[in-house]
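Biologist: I am new to this protein and should like to learn how its descriptions are justified. May I ask about the terms one by one?

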Amino acid sequence: MTPRARRIAVIGGGPGGLYTAMLLKRLAPEREITVWERTAPHDTFGFGVVLSDETLGGIEHADPAVHAALRKEFVRWDDIDVVHRGTRHTSGGHGFAALGRRRLLELLQSRCRHLGVDLRCPAQAPPVATLRAAYDLVIAADGVHSRTRAQYADAFGPRVEEHRNRYIWLAADTAFAAFRFEIAETRHGVMQLHGYPYSDHASTVIVEMREEVWRAAGLAALDVRASVDRVATVFADALGGRTPRSNDSSWLTFRTVTNDRWSHGNCVLLGDAAHTAHFSIGSGTKLAVEDALALTACLHELPTIEEALAAYEAERRPVVASTQRAARASLEWFEELARHLDQPPRQFAFNLLTRSRRVTHGNLRLRDAGFTAAVEEEFGCPAGTPPMFTPFALRGLRLRNRVVVSPMDMYSAVDGVPGDFHLVHLGARALGGAGLVMTEMVCVSPEGRITPGCTGLYTSAQAAAWRRITDFVHRQAPGTALGLQLGHAGRKGSTRLMWEGIDEPLPVPAENWPLVAASALPYRPDSQTPHELTRAELGAVRAQFTAAARRAAECGFDLLELHCAHGYLLSGFLSPLTNRRTDAYGGSLEGRLRFPLEVFDAVRAVWPQERPMTVRISATDWAEGGTSPEDAVALARAFAAHGADAIDVSTGQVVAEERPAFGRSYQVPYADLIRAEAGVPVISVGAISSWDDVNSLILAGRTDLCALARPHLYDPHWTLHAAAEQGYTGPGAVWPRPYAAGSRRPQTGRLDAPRPRLALPG
């Protein structure tokens with residue numbers, strides 16, 4: 001069969017370009033494939049390359065000859081060493097394979113020549129437009145500084161983000177026994193070394209530090225050789241007193257590359273030209289090789305080049321996006337390394353190992369049970385107790401575990417009165433084992449509701465209905481705390497029920513109620529414009545909060561949370577995007593904090609002293625000019641100084657034009673920041689879905705409590721099931737007596753076959 005792309009041009013002779021050329025030629029020997037590489041065959045950036053077992057499996061399936069050649073070259077090891085403040089902690093069972101980048105290129109070049117690929121190096125590729133006219137397909141594997149991507153920027157839609165750390169690639173003439181992370185606290189700031197062996201006698205060494213540390217240490221003023229000598233003295237123990245080689249390296253800042261599209265006509269991006277991921281998770285060559293495998297398969301399977309390129313991007317983009325999220329988490333952890341230095345030593349090592357969320361408490365326990373047990377013991381976990389089932393105290397309230405059912409609006413009340421639905425909804429989740437169950441946002445006035453279906457606490461009928469729920473929880477689920485979230489919708493009120501059109505005004509104009517806010521700014525173009533509250537009206541709203549808090553105390557709630565997030569009334573005062581006031585309640589952060597703090601103080605004054613209060617904030621608006629990380633820390637400090645027992649750290653939903661960076665546990669870094677910088681307990685929320693994630697975040701010291709919403713909609717007994725799945729039966733997860741028979745996982749049919757036991761002679 002004639003191949004769809006018979007004449008193929010490859011720009012860039014790195015691992016990705018060479019491997020793609022090799023695969024395509026092997027699949028269809030009649031293809032004419034030419035590779036241009038502007039550097040000489042033995043010139044290369046970096047020293048060692050790490051490949052995962054998954055990637056190696058793909059290589060073995062596609063070309064056993066290349067896989068066999070690579071296997072002969074690989075150095076393998078299992079351990080990761082974390083060296084900090086003179087102590088080394090080792091975690092085993094990780095499984096790495098690496099070889100020299102130069103040797104990898106030699107093997108791929110040799111295989112390409114053997115198959116008949118035309119390699120031209122050193123040679124500058126002809127203009128891309130010329131190649132596109134002369135070839136059926138042009139593969140741009142020309143790296144992070146891709147000229148192809150730049151030439152067709154309007155088509156590809158690239159975004160290049162430069163990060164805060166400086167780093168340099170080096171090689172040491174010694175083979176580390178493990179993947180080594182070493183932290184050096186110098187008088188100029190923190191420096192870190194990442195190192196791993198790539199042969200029996202050499203290791204890759206990357207030295208990294210914040211830009212300001214790099215400058216303060218005088219490295220910016222030195223040539224590369226002198227700066228390498230300088231850092232060699234800092235990491236003399238790791239390097240055995242040797243000075244590493246630089247191979248014409250230079251101090252760089254990492255750039256994260258993303259593109260809106262990966263193809264343009266018959267031109268397609270591959271590897272670093274399409275995407276980059278920080279070196280701290282060792283993914284650059286891995287991603288390029290996996291791109292090559294996917295692109296080749298799509299070209300082989302689909303009838304046209306256009307369909308193949310679309311399928312290639314559709315297949316690879318989600319995988320790459322996931323890797324880039326993990327890489328960003330790792331990159332940012334190292335950028336903020338100084339924040340974690342005072343953690344207990346084993347917790348610090350665990351935090352480092354789980355920084356990207358690719359390694360978790362669960363799989364680390366499988367890899368190295370001894371190391372994980374030592375971290376748990378240092379943390380204070382009783383024997384056999386997962387971190388999530390350790391208790392936590394807030395003022396006079398002792399939570400039996402670290403799981404919170406996050407506030408979730410149900411839009412099912414009538415005239416603000418919680419009914420049977422709320423009793424069953426909250427009661428079921430209280431029976432489900434969480435340490436703390438939170439109500440939805442309970443509104444302080446009819447005008448403070450988001451929708452006509454929102455609950456309130458501004459009438460005696462509402463209070464009686466809430467008392468029915470608290471009585472049920474305390475009677476039938478003893479040990480479960482019930483918290484009330486108190487708020488006012490502000491400019492986001494008077495809207496339809498969520499399933500009828502979220503944030504849309506009520507369909508009958510006469511049914512809409514007037515809105516109030518910090519400033520007269522509508523949430524969306526089609527939203528009602530709110531009235532800017534006067535000083536007298538601020539006092540009236542404050543009184544509404546106070547009255548609702550008194551009722552909440554009489555209802556028997558164990559905890560009260562003040563809702564200062566998501567663009568509702570109090571949040572609208574905090575964000576500079578929604579508060580344009582020129583009086584004492586606007587302007588500076590101090591001014592924007594004034595009214596929310598007045599409300600907090602008024603509520604705290606009537607809320608029983610032994611019961612805790614928390615505050616939910618949006619730690620970022622996900623919009624330019626909004627709340628900054630520094631603002632978020634200042635907000636947390638201010639509320640803590642006024643008596644907040646914990647900060648519930650959410651993000652966004654403040655302005656309609658936000659662009660959140662969604663992903664697994666995507667809001668946790670903000671909680672981690674506030675916990676470290678403000679010194680206040682935090683509740684993390686946002687795409688935390690597995691008990692393994694909860695254990696990991698708690699044990700790493702990134703949060704104190706984890707709030708989960710949708711997992712509790714999927715499974716009201718999420719916490720009890722998490723205990724059963726981990727084999728935990730202690731006081732942190734108590735099954736209600738009527739449910740005790742279900743405390744073990746149900747049996748399922750056997751899927752395993754009997755193992756052979758006898759080897760009979762033939």
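Modeller: Please do, bearing in mind that this is a predicted model. A suitable place to begin is L51, whose bridge partner in β7 is A97.

Biologist: What makes β3 and strand β7 a pair, and in which sense do they run?

Modeller: Two strands pair if at least two bridges are found between them. Between β3 and β7 (residues 96–100) there are four bridges, and the strands run antiparallel. The two therefore qualify as a pair.

Biologist: Which helix packs on this sheet, and how do you know that it touches β3 and β7?

Modeller: The helix is α4, residues 101–115. Contact means heavy atoms within 4.5 Å, and by that test α4 touches both β3 and β7. The direction of α4 makes about 75° with that of β7.

Biologist: Why is the sheet in the order β3-β7-β4 called open?

Modeller: The three strands, paired in the antiparallel sense, do not close on themselves but form an open sheet. The edge strands are β3 (48–51) and β4 (75–77), each of which pairs on one side only. On average, neighbouring strands here are turned by 30° against each other, direction ignored.

Biologist: What makes the eight strands that begin with β19 a barrel?

Modeller: Those strands close up in the order β19-β20-β21-β24-β25-β26-β27-β28, with parallel pairing. From one strand to the next, the twist averages 25°.

Biologist: How do you know that strand β19 and strand β20 pair?

Modeller: Pairing requires at least two bridges, and β19 (residues 403–405) and β20 (residues 436–443) are joined in the parallel sense by two bridges, so the requirement is met. V404, for instance, has L436 as its bridge partner in β20. Helix α16 (residues 420–431) packs on this sheet, touching β19 and β20, and its direction makes about 155° with that of β20.

Biologist: Let us turn to helix packing. Why is the crossing of α2 with α11 given a hand, and which hand is it?

Modeller: The axes of α2 (residues 53–62) and α11 (residues 284–301) come within 10 Å and cross at roughly 35°. The crossing is left-handed, which means that the near helix is turned anticlockwise from the far one by less than a right angle. T55, G58, I59 and A62 in α2 meet K286, V289, E290 and L293 in α11. By class, this contact has four nonpolar, two polar and two charged residues.

Biologist: What hand does the crossing of α17 and α19 have?

Modeller: That crossing is right-handed, which means a clockwise turn of the near helix. The axes of α17 (residues 460–476) and α19 (residues 535–555) come within 9 Å and cross at roughly 35°. In this contact, A463, W466, R467 and T470 of α17 meet R551, E554 and C555 of α19. Three of the residues are nonpolar, one is polar and three are charged.

Biologist: How many cavities of 30 Å³ or more does the structure hold, and what volume has the largest?

Modeller: There are eight of them, and the largest has a volume of about 70 Å³. A cavity is so called because a 1.4 Å probe fits there but cannot get out. Residues lining the largest cavity include R491, D503, P505, L515 and Y523. Its lining has three nonpolar, six polar and three charged residues.

Biologist: What makes the peptide bond from C121 to P122 and the phi of W622 worth noting?

Modeller: Most residues other than glycine have a negative phi, and most peptide bonds are trans. The bond from C121 to P122 is cis, with omega near -5°; P122 lies in the loop between β8 (118–120) and α5 (128–134). W622 is not glycine, yet its phi is positive, near 55°. W622 belongs to the loop between β25 (613–618) and α22 (629–641).

Methods
Residues numbered from 1 in each chain as written. Predicted model: local features only at pLDDT ≥ 70, side-chain atom pairs only at ≥ 80, totals over all residues. Heavy atoms only, no water. Axes fitted to C-alpha atoms, helices over the stretch in contact; angles between N-to-C directions. Nonpolar A, V, L, I, M, F, W, Y, C, P; charged D, E, K, R; others polar. 1 Å grid on protein atoms, 1.4 Å probe; cavity = no way out; pocket = protein on both sides within 12 Å on 5 of 7 lines; lining within 4 Å. Points joined across faces, edges and corners; volume = space filled by probe spheres on them.
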